[in-house]
Amino acid sequence: APPSPDPPSIMGNSPTKLSQRLERAEKTGVLALRDCGLEKVPDRVVSVAGLRVLDMSHNKLTSLPSSLSRLEGLKDLSLDANKLASLPAQICMLPRLETLSAPSNDLTSLPGAIGSLVKLRKLVLTGNRLTALPDSLCACSSLQLLDASRNRLAALPEALGQLGSLVELTLAENCLSAVPASTGSLRRLKDLDLRGNPLEGLPAGLLTDTPLQHLQLDERLLAKDGSLREDVEGREAYAARRKARIDKELHGKATGGDVNFSS
């Protein structure tokens with residue numbers, strides 16, 4: 001028997017369903033087109049007035065239209081698990097964008113003007129094919145979370161320390177042998193994951209001059225007891241800060257406070 005054809009996508013099977021979602025989005029500002037079998041972005045999407053949230057995750061998109069820039073009020077764009085090899089430059093013309101999520105795609109680069117997204121707070125790029133991050137990314141002054149784990153990054157922008165709002169940085173499973181010295185200027189950084197990289201060491205300022213609380217590294221930089229190796233400059237400052245945090249959390253628990261303890 002001949003193989004059965006692929007099942008039609010939700011949108012292909014019922015155009016009225018797309019119309020219904022678009023009409024609803026006109027009222028709510030939220031358009032969910034997740035797991036709809038989309039191979040291209042429906043033309044009508046960019047005409048939805050007042051769209052704030054657009055979720056096109058888990059589809060088969062290979063490209064995005066330049067007309068996406070018409071969605072000037074868009075705050076949250078989710079493109080997880082598609083087949084995107086690049087993002088259009090026009091995505092940098094979304095002045096209100098706060099969250100850009102594009103993990104599990106085929107991205108090899110980011111638009112050079114991504115620094116124009118001055119309101120961007122969350123950027124998730126896990127599981128792509130990125131070999132570098134553009135220098136302009138360091139101009140994203142509102143960025144609080146950057147996840148570029150499971151890529152092919154061999155180096156980071158030297159000016160990474162300019163991301164003054166950054167709290168969480170995940171760079172696990174890349175090809176990094178060094179971290180820029182400027183990261184010592186990340187005055188709000190609390191969580192850093194560098195596992196799965198061939199790191200030779202760490203900038204001292206990263207441990208002494210930031211409020212870093214959770215640092216995840218491979219064993220090559222750790223002593224047998226799991227603490228930082230003695231030759232890692234700045235280890236004492238990090239250890240003292242970590243101990244003070246744990247003591248504070250234990251005290252909160254002992255006095256009945258609702259504290260979430262994590263080692």
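## Surface and overall make-up

The chain exposes about 13400 Å², and carbon and sulfur atoms supply 48% of this area. The structure is a predicted model. The chain has 263 residues, and buried residues make up 43% of them.

The secondary structure consists of 4 helices and 9 strands. Read from the N terminus, the order of the elements is α-α-β-β-β-β-β-β-β-β-α-β-α. Contacts between residues at least 6 apart in sequence can also be sorted by separation: 24% of them join residues at least 24 apart.

## A positive patch

Arg52, Lys75, Arg96, Lys119 and Arg121 form a positive patch on the surface. One of these residues, Lys119, lies in the loop between strand S4 (99-101) and strand S5 (122-124).

Is Lys119 buried or exposed, or does it fall in between? Its relative accessibility is 44%, so Lys119 counts as partly exposed. A patch member must have over 30% relative accessible area and no salt bridge. Lys119, at 44% relative accessibility, is one of the residues in the positive patch.

## Salt bridges

How many salt bridges does the count come to? The count comes to 5. Three of the pairs are described here, beginning with Asp193 and Arg195.

The side chains of Asp193 and Arg195 form a salt bridge with an N to O distance of 2.7 Å. Asp193 has a relative accessible area of 7% and is therefore buried. Its partner Arg195 has a relative accessible area of 37%, so Arg195 is partly exposed. This salt bridge thus joins a buried residue to a partly exposed one.

Asp218 and Arg220 also meet through their side chains in a salt bridge, with 3.6 Å from N to O. Asp218 is partly exposed because its relative accessible area is 24%. Arg220 is partly exposed as well, with a relative accessible area of 43%.

In a further pair, the side chains of Arg229 and Asp231 form a salt bridge at 2.8 Å, N to O. Arg229 has 27% relative accessibility and so counts as partly exposed. Asp231 has a relative accessible area of 56%, and this residue is exposed. The cut-off for exposed is over 50%, which is why Asp231, at 56%, is placed in that class.

## Thr210, a buried loop residue

Thr210 is located in the loop between helix H3 (204-208) and strand S9 (214-216). Why does Thr210 count as buried? The reason is its relative accessibility of 4%, since buried means under 20% relative accessible area.

Which residues does Thr210 touch, leaving aside those up to four places away in sequence? The residues touched are Thr183, Gly184, Leu186, Leu189, Gly205 and Arg241.

## Ser66, a partly exposed loop residue

Ser66 sits in the loop between strand S2 (53-55) and strand S3 (76-78). Its relative accessible area is 41%, so Ser66 is partly exposed.

Ser66 and Ile91 are 25 residues apart along the chain, and their C-alpha atoms are separated by 7.6 Å. Thr210 is likewise a loop residue, but Thr210 is buried, whereas Ser66 is partly exposed.

Notes:
Residues numbered from 1 in each chain as written. Predicted model: local features only at pLDDT ≥ 70, side-chain atom pairs only at ≥ 80, totals over all residues. Heavy atoms only, no water. Patch = residues over 30% accessible without salt bridge, like charges linked within 9 Å, V, L, I, M, F, W, Y side chains within 5 Å. Areas by Shrake-Rupley, 256 points an atom, 1.4 Å probe, with all protein chains shown as cover. Salt bridge = Lys/Arg side-chain N within 4 Å of Asp/Glu carboxyl O. Lys, Arg positive; Asp, Glu negative; His and termini not counted. Charge placed at Lys NZ, Arg CZ, Asp CG, Glu CD. Helix = DSSP H or I, 4+ residues; strand = E, 2+ residues; numbered from the N terminus. Buried < 20%, exposed > 50% of the residue type's maximum accessible area, 1.4 Å probe, protein only. Contact = heavy atoms within 4.5 Å.
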